[in-house]
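This report covers salt bridges, pockets and one helix, in that order. Please have the sequence and the model open while reading.

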Amino acid sequence: MEWFYGRWTDALVTINTDDYAVAKHLPIKRVYYIPGVGTDIENVERITKEQRQKLRQEVRRNLGINDDEYLLLSVGELSERKNHATVIKALAELNDPKMKYVIAGIGDEETNLRSLIRENGLGNKVQLLGYQTDLDGLYFAADLNVFISKREGLGFGGLDGVAHGLYIIGNGNTGMKDYIQSDNIGLLVNDPTDVDEVSRTIAFAKQGKKKVTGKGLEAVREFDYRNVNKIMKSIYQKEFM
């Protein structure tokens, strides 16, 4: 389909390097790359250390998470594509009494996920939070962002977490690898449906107690929406002016 319609396409904008590489072989006149749709890294950086700690404590208290517990977070619709079920199974396999998991999102898989939680005896360890309008507190409250979608163009929920300093586990076969460039930012799994691999990776991340700071944040600065808008503006100027 892309090859067929490419013959009538003047310009194509891609949001990850894999799609950009493929698109360059299509019969399209001009192909552009932009680093995603942009997240607000500068605004997050204005949140002070004290404010972050206060939000972390408030949200963890509201969720019933103790200071010595390790909190996993996934942000995204409750769908098979977002792959929350594998994280739940990994949590059951790890059987870590100090590990809990919250999911922010709504979707058709809610009933199935609740059944999976019950079947694995995780009712006191996993919470489905529903639709959330303010994610700042959740990102600061969590210790690890498990964002192992089966398919993603770039994965905004993962990138946004990184911008908040939250370490991430992502799917190495998606556009996530564009911003998870080193273990200063996160870890990539080869098979997001492999419960054993996901379990081992979560355990490794917990052991390292890593956060995204310094070099990690510098590496994702190009994904700030201001830079993305600047690039997109230049594309419009080339195409229409």
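Glu77 has a relative accessible area of 39% and therefore counts as partly exposed; buried means under 20% relative accessible area, exposed over 50%, and partly exposed in between (1.4 Å probe, protein chains only). The model is predicted: local features need pLDDT of at least 70, side-chain atom pairs count only at pLDDT 80 or more, and totals for chains, interfaces and linings use all residues. Residues are numbered from 1 along each chain as its sequence is written, and side-chain values use heavy atoms, with hydrogens and water left out.

**Salt bridges**

Side chains of opposite charge can pair when their charged atoms come close. A salt bridge here is a side-chain nitrogen of Lys or Arg within 4 Å of a carboxyl oxygen of Asp or Glu. The structure holds 19 of them, including the three tabulated here.

| Pair | Distance between closest N and O atoms |
|---|---|
| Arg81 and Glu77 | 3.7 Å |
| Arg81 and Glu152 | 3.4 Å |
| Asp10 and Lys29 | 3.1 Å |

Asp10 lies in the loop between α1 (2-6) and β1 (11-14) and Lys29 in the loop between α2 (17-23) and β2 (30-33), so this pair ties together parts 19 residues apart in sequence. Helices (H or I, at least four residues) and strands (E, at least two) are DSSP runs, numbered from the N terminus. Asp10 is partly exposed at 39% relative accessibility, while Lys29, at 60%, counts as exposed.

Arg81 pairs with Glu77 and also with Glu152. The pair of Arg81 and Glu152 links distant parts of the chain, 71 residues apart: Arg81 is in the loop between β3 (70-75) and α5 (84-94), and Glu152 is in the loop between β6 and α8. Arg81 is partly exposed, with a relative accessible area of 26%, and Glu152 is buried at 16%. Elsewhere, Asp40, Glu42, Arg46, Asp224 and Arg226 are joined into one network by salt bridges that share partners.

**Pockets**

Rolling a probe the size of a water molecule over the atoms shows where empty space is left. On a 1 Å grid over the protein atoms alone, a cavity is a set of points where a 1.4 Å probe fits but cannot get out, and a pocket is an open set with protein on both sides within 12 Å along at least five of seven lines; lining residues have an atom within 4 Å of a point. Grid points are joined across faces, edges and corners, and a volume is the space filled by probe spheres set on the points.

The volume of the largest pocket is about 280 Å³. It is lined by 14 residues, of which Arg52, Phe140, His164, Gly165 and Lys211 are the closest to its centre. Two elements, α4 (49-63) and α7 (136-141), give two or more residues to this lining, and the largest share, four residues, comes from α4. By type, the lining of the largest pocket has six nonpolar, four polar and four charged residues. Ala, Val, Leu, Ile, Met, Phe, Trp, Tyr, Cys and Pro count as nonpolar, Asp, Glu, Lys and Arg as charged, and the others, Gly among them, as polar.

The second largest pocket has a volume of about 240 Å³. Its lining includes Arg56, Asp67, Tyr70, Lys98 and Asp143, and divides into one nonpolar, no polar and ten charged residues.

**Helix α8**

Helix α8 (residues 156-163) is largely enclosed by the rest of the structure, because seven of its eight residues are buried. Gly165, which follows α8, has a positive phi near 85°.
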